[in-house]
Amino acid sequence: MRKKRIAVIGLGDFGIELVKRLYEDGQEVTAVDQDKNKIDRIREFSTYCVAIDSTDESELKEHGLDEMDAVVLAIGDNFENLIVTADALRKIGAINIFARYQSDLNKRVLQMLGIENLFNPEEQAAHSMAEQLANSSVKGVTLLGQDYRILEAVVPKHMQGKTVQGAKLREDWNLNLITVKRPKKTRRKSDRKDEEVLGIPSPNLVLSEGDILVLFGKAEDLEQMIGKR
């Protein structure tokens, strides 16, 4: 599989962590910020890094941001720079622009510019924590727009011992099973339990106590499923 070329503009805490994760995942990552000190911090964790003015169309094009598979605007402390950079990226023909917003006003302005892929890390983290605190079976949540979620949840008791096909996640709950995480067996109880990702689940895979189901679906369908323990 070809590595994706991804640029991250804005190296705050979120931007730096995103660059590191993408680089560790084997992608070709370009890190961009005006602050040379931040560039020095990320140098060994990126494929390419550069200190430039991201609002300058010619500099963006010179460093190939118009040729990226995706560009993530992670600028969090200067909304004017974010808006001008987003507009500059559109003008040079960049595709798949993902932009961070911090308020409803920010979001509306970005939408007016034609930026469709919008995200708010703080909002997503708050939603995820709220759902985990409210329901101990929930281990993680990723928001996909207003209505959809990717949810990690402990397999309900009524599904334990059933096959994936027998659990009828699609038929009864309108949910898609992405994969299953299963705790690895350890010799000592004190050992930390690691998880094994089982890949694309076979219809004949038997669900066991402790399994984590990684599910995709509408929020209300997910809530109904995890509510029936």
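1. Helix α4 has 13 residues. From its first C-alpha to its last, α4 reaches 18 Å, close to the 18 Å expected at 1.5 Å a residue. Keep in mind that this is a predicted model.

2. Now the ends of α4. N78 caps the N-terminal end: one of its side-chain oxygens lies 3.3 Å from the backbone nitrogen of E80. After the helix comes G93. The phi of G93 is positive, near 90 degrees.

3. Which residues of α4 are buried? They are L82, I83, T85, A86, A88 and L89. The buried residues of α4 pack against the strands β1, β4 and β5. They also pack against α3 (57–62) and α5 (104–112).

4. T85 deserves its own entry. This residue of helix α4 has a relative accessibility of 0%, so T85 counts as buried, the cut-off being under 20%. Its side chain makes a polar contact with the side chain of S54, at 2.8 Å. Leaving out residues up to four places away in sequence, T85 touches I9, S54, T55, L73 and I75.

5. The largest nonpolar core has 24 residues. The residues with the most contacts inside this core are I9, L60, L65, V71, L73, L89 and L110. Four elements give two or more residues to the core: β1 (5–9), β4 (70–73), α4 (79–91) and β5 (97–100). Helix α4 supplies the largest share, five residues. In soluble globular proteins, nonpolar side chains tend to be buried together.

6. L73 is one of the residues with the most contacts inside that core. What does L73 touch, not counting residues up to four places away in sequence? Its partners are I9, L82, T85, A86, L89, I97, F98, A99, R100 and F119.

7. A94 lies in the loop between α4 and β5. With 12% relative accessibility, A94 counts as buried. Its contacts, not counting residues up to four places away in sequence, are L65, D66, V71 and L89. Three of the names recur from the core: L65, V71 and L89 are among its residues with the most contacts. The C-alpha atoms of A94 and M68 are separated by 7.0 Å, although the two residues are 26 apart along the chain.

8. Apart from the largest core lies another one, of 20 residues. Its members include V138, L169, V180 and L207.

9. Next, the rings. The count comes to one aromatic pair. F14 and F119 form this pair, which is tilted: 5.5 Å centre to centre, with 40 degrees between the planes. F14 lies in helix α1 (residues 13–24) and F119 in strand β6 (residues 117–119), so the pair ties together parts that are 105 residues apart in sequence. F14 is partly exposed, with a relative accessible area of 28%. F119 is also a contact of L73.

10. One charge–ring arrangement is worth a look. The charged end of K20 sits over the ring of F45, 4.7 Å from the ring centre.

11. Last, the chain as a whole. Its secondary structure comes to nine helices and 11 strands. Of the 229 residues, 40% are buried. Among contacts between residues at least 6 apart in sequence, 55% join residues at least 24 apart.

Notes
Residues numbered from 1 in each chain as written. Predicted model: local features only at pLDDT ≥ 70, side-chain atom pairs only at ≥ 80, totals over all residues. Heavy atoms only, no water. Phe/Tyr/Trp six-rings, centres within 6.5 Å; stacked < 30°, edge-to-face > 60°. Buried < 20%, exposed > 50% of the residue type's maximum accessible area, 1.4 Å probe, protein only. Lys NZ or Arg CZ within 6 Å of the ring centre and 35° of its normal. Core = buried A, V, L, I, M, F, W, Y, C linked by side-chain atoms within 4.5 Å. Contact = heavy atoms within 4.5 Å. Polar contact = N/O pair within 3.5 Å; in protein donor to acceptor, adjacent residues only side chain to side chain. Expected span 1.5 Å × (residues − 1).
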